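Work through the exercises below with the sequence and the structure at hand. Try each task before reading its solution.

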Amino acid sequence: MRITVLPRRQQVEIAGRRRAADVLRELGFLPGTAMVIRGDELVPESAMLEADDDIEVRSVISGGAP
Amino acid sequence: MKCTRCKAPAQVQLRAHNANFCRDCFLFIFQRQVERAIEKERMFRRDEPVLVAVSGGKDSLALWEVLHGLGYQTTGLHLSLGIGSYSDVSTEKTAAFAAANGLPLITVRLAEAGMAVPEVAGLTRRPACSACGTMKRHYFDQLAIDRGFPVVATGHNLDDEAARLLGNVLHWQLPYLARQKPVLEPTHPRFVRKVKPLFRVSEYETAIYAFLKRIDYVVDECPNAVGATQLVYKEMLNRLEAASPGSKLTFVQDFLSRAQPVLPAATGDGPPQTCAQCGMPAFGEICGYCRLMRETEQKRERRAASGAA
């Protein structure tokens, strides 16, 4: 599957199918710190992603000025 | 996986609440949490005009959307900070959201006043986030009082509050801990009430809300935030949360209900005086903003003089 990681605009390819939670773990995201998006749908972490999917992983963390 | 509320297929898993929701139930629960926070903490009434500080990010735009949807009288306040293309995109997205929803928006461009955040931080050699925070607070306070708004709402979420709490506890900042509340009542005639209606919802929930509502927010991180201490605290708290879901909510809620009420007596931090320069509240002869601007002007003049010599 082809994955775009935002906001760092990183492109990643992973072979085979995976649960969304496993993809997040492989990319180094802790649970609850990124959304998994397929097309224009939010994918729950327990859902299976297929080998030919195009996926967006979008970090939810922001911060800086108090 | 089924929705905890209606048993339809669930789209959102919230480990902290041990619950799953479909799109519609998640949106309902999120809005209800914000509405309950406003009512329980007595943040503002429906007949009070609310100035919403809007950066163009997920939290502030989600907050504005929820408040507008709940029928509150809102006006957006956006500060264009002059941080290159990041600020340009933030200003564009904020303006587009306001226009699409028919909402009033006040935009202040700091660069046009010669006070872009990178220049101020660079000249005064202060951390960008520190200079930015001082400038934002000043403009929020001043515009609110000058335009007659009794309350300013910001998009601080549970993660922001937990990270701030951790930082304040690590350094035992008692005056800051005493003021860390979801509602801050004015302590000076030129302060207005400051409220954080999202203080009980995580940034994961806020991001999901913004996404499901198709809010076009700035996904990019502020370039100045790279390496910010607050992000280190958030990373630590997220590790705790992964091991023990609900930790962040418990940390903040228990602080507010059990520790915070006993703090004011211990701090000895008196009410602010009046800034001799701008008339806004100050802890000292002049306020932090005027000190920062004075220093910026001095450094700018010195640089111009050395360039001319």
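**Exercise 1: a helix and its length**

Task: Compare the span of H2(B) with the span expected at 1.5 Å a residue.

Solution. Helices are DSSP runs of H or I with at least four residues, strands are runs of E with at least two, and both are numbered from the N terminus. The expected span of a helix is 1.5 Å times one less than its number of residues. H2(B) has twelve residues and should therefore span 16 Å; its end C-alpha atoms are 16 Å apart, so the two values agree.

Before going on, note how the values were made. This is a predicted model, in which local features need pLDDT of at least 70 and side-chain atom pairs count only at pLDDT 80 or more, while totals for chains, interfaces and linings use all residues. Residues are numbered from 1 along each chain as its sequence is written, chains are lettered from A and ligands numbered from 1 in the order in which they are written, and side-chain values use heavy atoms, with hydrogens and water left out.

Next, look at burial. Buried means under 20% relative accessible area, exposed over 50%, and partly exposed in between, with a 1.4 Å probe and protein chains only. Ten of the twelve residues of H2(B) are buried, including Trp64(B) and Glu65(B). Just after H2(B) comes Gly71(B), with a positive phi of about 95°.

**Exercise 2: a second helix**

Task: Find what covers the buried residues of H1(B).

Solution. Helix H1 of chain B runs over residues 23-40 and reaches 26 Å between its end C-alpha atoms, close to the 26 Å expected. Among its buried residues are Phe26(B), Phe30(B) and Val34(B). An α-helix has 3.6 residues a turn, so residues three or four places apart point the same way. The cover over the buried residues of H1(B) includes E1, strand E2 (19-21), helix H2 (58-69) and H8 of chain B. After H1(B) comes Arg42(B), with a positive phi near 50°.

**Exercise 3: two buried side chains**

Task: State which side chains make polar contacts with Thr91(B) and Asp141(B).

Solution. A contact means heavy atoms within 4.5 Å. A polar contact is a pair of N or O atoms within 3.5 Å; within protein, one must be able to donate a hydrogen and the other to accept it, and residues adjacent in sequence count only if both atoms are side-chain atoms.

- Thr91(B) lies in helix H3 (residues 84-101) of chain B. Thr91(B) counts as buried because its relative accessible area is 7%. Its side chain makes a polar contact with the side chain of His78(B) at 2.8 Å.
- Asp141(B) lies in helix H5 (residues 128-146) of chain B. With 7% relative accessibility, Asp141(B) is therefore buried. Its side chain makes a polar contact with that of Lys194(B) at 2.9 Å. Asp141(B) also touches Arg190(B), which is 49 residues away in sequence and 7.6 Å away in space, C-alpha to C-alpha.

**Exercise 4: a loop residue in chain A**

Task: Is Thr33(A) buried or exposed?

Solution. Thr33(A) sits in the loop between helix H1 (20-26) and strand E4 (34-38) of chain A. Its relative accessible area is 3%, so Thr33(A) is buried. A polar atom of its side chain lies 2.6 Å from the backbone oxygen of Leu30(A). The residues that Thr33(A) touches include Arg58(A), Tyr204(B) and Asn238(B).
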